[in-house]
Amino acid sequence: MRTLGQGVPFNRQAVQVQQPSATPAPHQPGGGGRRRKLGTPPDPAAGAAAQSARPHPAAEQPPGALPPTTPPPTAQPKKQSPPQPQEQPSLAGGQGRLAPVTEGAGRSYAIGAPDRDAAEGPEPLDGPGGAVEVADPPRPQPMDDELPPEPLDNPRRLLVWPAPDVSTQQALSDRGYRPVIVNSREEVDAQIAAFPAALFVDPLTGPITRTALQSLRQAAVAAEVPVLVTAGLGQASRDAAYGADPAVLLKALAPRDSEQHPPRVLLIEEHAEIALALTATLERRGMQVARAASDADAVTLAGQFRPNLVVMDLMRVQRRQEGSAGIIDWLRANGQLNRTPLVVYTAAVDQDDLPRLASGETVLFLAERSTSGEVQSRIVELLSRIGTN
């Protein structure tokens, strides 16, 4: 007999026995690539019923008719060769993407890779969890002319409170500074990104309250910006003194290690009478005071005392051309310059009145500092030393 069954050639029937499903198994020559099943797994019983109910294209041929591609029975080897891709009816015309064998128990989709030499190809998976992580390119930030640091050829910013007088403004401009007036802690914070040289509090053109002074100092110290405050000292009897006690200003400026530790003040003053008067008023306000007679002596004392505040006679501060190290150099070398406010004062005290100050007949009070050319030059030079990076 040439055929078995309903006119189906023997080799065709063998193919159907080997492949009960319309979808070729992975890695077989008849498949179009790797495939994976998605959806509900097929029911073998329902799949067999659907396969038997589906008419085979070869069953429509009359009995005894041989397909043109089928070799004569005498040339058919006993061992069947693997089916060729063109003989698979499930792949003809691009079919086989939807497997109909599971219609009785849900749908099952066979998703395969594109055929060889096909126009489409696999798409790479981008994004989180994919094969390739794609990061957004950095976007340029808008530039704010108030925030970036000053170019080297522009005047450096100097935070000032209050507005400087005409002579001080001119002296600062001649030294390469551009004063920026700040009136509150928020205004200080807004200028920090521009890397100002220092905070310069010079109460010549207007008074300043203790609360405002303390707020400005806290903002500058938190941002590691050096603080320089100027003051003037006058001498008069208690009834004639028209200024405030210097300890009021200094206590508002002096930081402290904690609430349990009093502020430590390093006083640099040549005259013993002035130093004793200042020490007495500061200690009455709960501050510890260590006194040095010169700037050079203050360096040795600072290493032992570790001050929170430095108060000194402006005329006792070493100038740059003198060469020897002073308190400014020590503070910078020990990382304390941005944390320790500096107060420089000019004392309008006559030498003949010093004994009266020592006896308590006269007292010191806050007054306006001197505005002489020598004083202005020393202040600007001190600012340039403080603001040096």
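The legends below accompany an overview and several close-up views of a predicted model of a protein.

**Figure 1. Overview of the predicted protein model with its helices and strands.** The protein contains 11 helices and 14 strands, and buried residues make up 37% of its 389 residues. Among the contacts in the protein with a separation of 6 or more, 75% are accounted for by residues that are 24 or more positions apart. The accessible surface comes to about 22,700 Å², and carbon and sulfur atoms hold 53% of this area. A search of the whole structure finds 8 salt bridges, and the close-up views that follow look at pairs of this kind. Side chains of opposite charge can pair when their charged atoms come close.

**Figure 2. Close-up of the salt bridge between Glu270 and Arg316.** In this pair, the closest N and O atoms are 2.9 Å apart. Glu270 lies in the loop between β10 (264–268) and α7 (272–284), while Arg316 lies in the loop between β12 (309–313) and α9 (327–333), so the salt bridge ties together parts that are 46 residues apart in sequence. Glu270 is partly exposed, with a relative accessible area of 41%, and Arg316 is also partly exposed, with a relative accessible area of 27%.

**Figure 3. Close-up of the salt bridge between Glu361 and Arg356.** Here the side chains of the two residues meet with a distance of 3.6 Å from N to O. Glu361 counts as partly exposed, at 49% relative accessibility, which means that its value does not pass the limit of over 50% that is required for an exposed residue. Arg356 is likewise partly exposed, and its relative accessible area is 34%.

**Figure 4. Close-up of the salt bridge between Arg378 and Glu374 within helix α11.** The side chains of Arg378 and Glu374 meet at 3.1 Å, taken from N to O. Both residues belong to helix α11 (residues 373–386), where they are 4 residues apart, or about one turn of the helix. Arg378 counts as buried because its relative accessibility of 14% falls under the 20% limit, whereas Glu374 is partly exposed, with a relative accessible area of 39%.

**Figure 5. Close-up of a network that joins Glu270, Asp313 and Arg316.** These three residues are joined into one network by salt bridges that share partners. The view therefore returns to the pair of Figure 2, in which Glu270 forms a salt bridge with Arg316 and links parts that are 46 residues apart in sequence.

Notes: Residues numbered from 1 in each chain as written. Predicted model: local features only at pLDDT ≥ 70, side-chain atom pairs only at ≥ 80, totals over all residues. Heavy atoms only, no water. Buried < 20%, exposed > 50% of the residue type's maximum accessible area, 1.4 Å probe, protein only. Contact = heavy atoms within 4.5 Å. Areas by Shrake-Rupley, 256 points an atom, 1.4 Å probe, with all protein chains shown as cover. Salt bridge = Lys/Arg side-chain N within 4 Å of Asp/Glu carboxyl O.
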